[in-house]
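Biologist: Could you take me closely through one part of this model, beginning with a single charged pair and then working outward to its surroundings? I would like a connected account rather than a list.

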Amino acid sequence: MTVAMILNEKGRDVVTARASDPVGEICRTLSEKRIGAIVVTGAAGQIEGIVSERDVVRVIGKEGPAALEQPVGDVMTRSVVTCSDGDTVNSVMARMSAGRFRHMPVVSGGKLAGLVSIGDIVKHRIAQIEREADQMRDYIAMA
Ligand code: AMP
């Protein structure tokens with residue numbers, strides 16, 4: 001199973017923000033869109049960072065409500081781990097688990113082409129395990 005199979009089902013739209021956007025606006029978008037992370041892009045659409053609810057909680061916990069005025073560029077993670085369409089879901093899961101993060105932007109031809117979350121991966125893994133169990137049951141019933 002590949003990343004492309006997940007994106008074909010969920011779509012390739014990615015919620016993005018600019019590094020100058022205030023943290024308060026990021027909170028609003030995370031809440032309105034019911035998502036856990038936003039990719040921060042530059043003028044040419046290039047990935048500059050990623051900000052997740054964890055980053056927001058960390059900075060508000062440290063600095064209080066004043067953090068809401070801060071530009072997200074000061075809070076985001078700059079070294080973003082990305083994957084591509086052809087990567088297997090298992091390899092993405094392993095990298096998320098090793099890096100302790102739950103979101104991974106997908107890059108295709110140097111451009112942002114989707115985002116997979118740990119939720120997407122768990123959903124597809126469960127569907128795969130159920131399919132395999134059904135096949136096993138059918139095989140046993142035939143024997
Ligand atoms: P998350 O588990 O996705 O909420 O993120 C936990 C931490 O990892 C936060 O500091 C994020 O900014 C960071 N993070 C999330 N996704 C990635 C990624 N693909 N590459 C690098 N850092 C990430």
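Modeller: Lys10 forms a salt bridge with Asp120, and the closest N and O atoms of the two are 2.8 Å apart. Lys10 lies in helix H1 (residues 3-10) and Asp120 in helix H5, so this pair ties together parts that are 110 residues apart in sequence. Please keep in mind that this is a predicted model, and that what follows is read from its coordinates. Side chains of opposite charge can pair when their charged atoms come close.

The two partners differ in their exposure: Asp120 counts as buried because its relative accessibility is 15%, under the 20% cut-off, whereas Lys10 is partly exposed, with a relative accessible area of 42%. Asp120 has its place in helix H5, which spans residues 118-142, and a polar atom of the Asp120 side chain lies 2.9 Å from the backbone nitrogen of Ser117. If neighbours within four places in sequence are left aside, Asp120 is in contact with Ile6, Lys10 and Leu115, so that the salt-bridge partner Lys10 is itself among these contacts.

Further along, helix H5 also holds Met136, which is exposed, with a relative accessible area of 52%. Met136 joins Tyr139, Ile140 and Met142 in a nonpolar patch on the surface, and together these residues have about 540 Å² of accessible area. Helix H5 therefore carries both a buried acidic residue, Asp120 at 15%, and an exposed Met136 at 52%.

By the rule applied here, the count comes to seven salt bridges, and two others can be set beside the first. Asp55 forms a salt bridge with Arg58, with the closest N and O atoms 2.5 Å apart; both residues lie in helix H3, three residues apart, about one turn of the helix. Asp55 is buried, with a relative accessible area of 7%. Asp87 forms a salt bridge with Arg95, the closest N and O atoms being 3.0 Å apart, and here Asp87 is partly exposed at 21% relative accessible area, while Arg95 also counts as partly exposed, at 30%.

Thr88 is found in the loop between helix H3 (53-63) and helix H4 (89-99), and is partly exposed, with a relative accessible area of 39%. Although Thr88 and Val3 are 85 residues apart in sequence, their C-alpha atoms are 6.0 Å apart in space. Leaving aside neighbours within four places in sequence, Thr88 is in contact with Met1 and Thr2.

Asp55 leads on to the ligand, since of the 14 residues around the ligand, Asp55 is one of those that come nearest, together with Ser52, Thr77, Arg102 and His103. An oxygen atom of the ligand is 2.6 Å from an N or O atom in the side chain of Thr77, and a polar side-chain atom of His103 likewise lies 2.6 Å from an oxygen atom of the ligand. A polar backbone atom of Ile50 is 3.5 Å from an oxygen atom of the ligand. Taken alone the ligand exposes 480 Å², of which the protein buries 91%. Ser52 has its place in strand S3 (residues 47-52) and counts as buried at 12% relative accessibility; beyond its neighbours within four places in sequence, Ser52 is in contact with Gly36 and Ala37.

Note on methods: Residues numbered from 1 in each chain as written. Predicted model: local features only at pLDDT ≥ 70, side-chain atom pairs only at ≥ 80, totals over all residues. Heavy atoms only, no water. Helix = DSSP H or I, 4+ residues; strand = E, 2+ residues; numbered from the N terminus. Buried < 20%, exposed > 50% of the residue type's maximum accessible area, 1.4 Å probe, protein only. Polar contact = N/O pair within 3.5 Å; in protein donor to acceptor, adjacent residues only side chain to side chain. Contact = heavy atoms within 4.5 Å. Patch = residues over 30% accessible without salt bridge, like charges linked within 9 Å, V, L, I, M, F, W, Y side chains within 5 Å. Areas by Shrake-Rupley, 256 points an atom, 1.4 Å probe, with all protein chains shown as cover. Salt bridge = Lys/Arg side-chain N within 4 Å of Asp/Glu carboxyl O. Near = heavy atom within 4 Å.
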